[in-house]
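Let's walk through this structure together, strand by strand, and then look at what is packed inside. Please keep the 3D view open as you read.

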Amino acid sequence: MSKVKVEKIKRPEKIGLPFMLDFYPLQDEKYTRISQFFKNLKDGHLTTTKCEKCKEVLWPPRIICPHCHTEDLKWIDLGTEGEVHAFTEITLGAPLGFVEDTPFCTGIVQIGGLLISARIDDVRYEDLKIGDKVRLKIVELPDQRVFFRFSKSKNE
Ligand SMILES: [Zn+2]
């Protein structure tokens with residue numbers, strides 16, 4: 001039996017964890033057909049897809065309508081003004097990338113006829129209530145990508 005040479009694997013000193021645990025650059029049009037969502041966000045618009053055949057407004061944005069299976073979808077703007085439908089405060093067990101932000105509010109926001117899960121910034125849990133008006137807030141992630149949150153309107 002011949003002896004197999006054992007090679008040492010050179011491990012990097014440090015392994016960088018992907019931000020928000022997404023393993024692919026999901027905002028890039030090379031990897032996703034909903035890259036338009038992120039382009040629209042960069043331009044200040046929260047958008048989603050609406051089915052041109054059955055007229056269903058889809059969330060999250062899709063490339064195929066799950067109701068009638070057409071690819072005939074169009075992008076629609078959901079606006080910037082939402083209303084708190086439900087909320088909670090994250091104090092422990094925050095997902096990777098959010099631990100340093102605790103405590104923070106997150107909730108369900110009604111906007112454009114949809115109920116969307118998102119963080120709610122610029123307000124303490126004690127000062128938030130169901131029905132509060134919130135405004136779209138677009139945040140730039142450390143790697144130049146963008147995502148959306150909501151912010152408690154200052155004029156409330
Ligand atoms: Zn449809």
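In this predicted model, Val109 has Ile116 of strand E6 as its bridge partner. That pair belongs to a longer ladder: E5 and E6 run antiparallel and are joined by seven bridges. Follow the chain between them and you will find a hairpin with two residues separating the strands. One residue to look for in this turn is Gly112, whose phi is positive, at about 55 degrees.

Strand E6 has another pairing to show you. With strand E8 (residues 146-152), E6 pairs in the parallel sense, here over two bridges. Asp121 marks one place to find this contact, since its bridge partner in E8 is Ser151.

Now come back to Val109, which is among the residues with the most contacts inside the largest nonpolar core. This core has 16 residues, and Val84, Ile120, Val134 and Phe150 are also listed among its best-connected members. Two or more residues come from each of helix H1 (35-42) and strands E4 (81-90), E5 (104-111), E6 (114-121) and E7 (133-140). Domain 1 (27-77) and domain 2 (79-156) each supply at least three residues to this core.

Finally, turn to another set of strands. Three of them make an open, antiparallel sheet in the order E2-E1-E3. Strands E2 (57-58) and E3 (73-77) each have a single partner strand and stand at the edges, so one side of each lacks a neighbour in the sheet. Strand E1 (residues 47-51) is joined to E2 by two bridges, with the strands antiparallel. To locate this pairing, look for Thr49, whose bridge partner in E2 is Leu58.

How values were computed: Residues numbered from 1 in each chain as written. Predicted model: local features only at pLDDT ≥ 70, side-chain atom pairs only at ≥ 80, totals over all residues. Pairing = 2+ DSSP bridges. Helix = DSSP H or I, 4+ residues; strand = E, 2+ residues; numbered from the N terminus. Core = buried A, V, L, I, M, F, W, Y, C linked by C-beta atoms within 7 Å. Buried ≥ 20, exposed ≤ 12 C-beta atoms within 10 Å, placed from the backbone. Domains from an automatic or database assignment.
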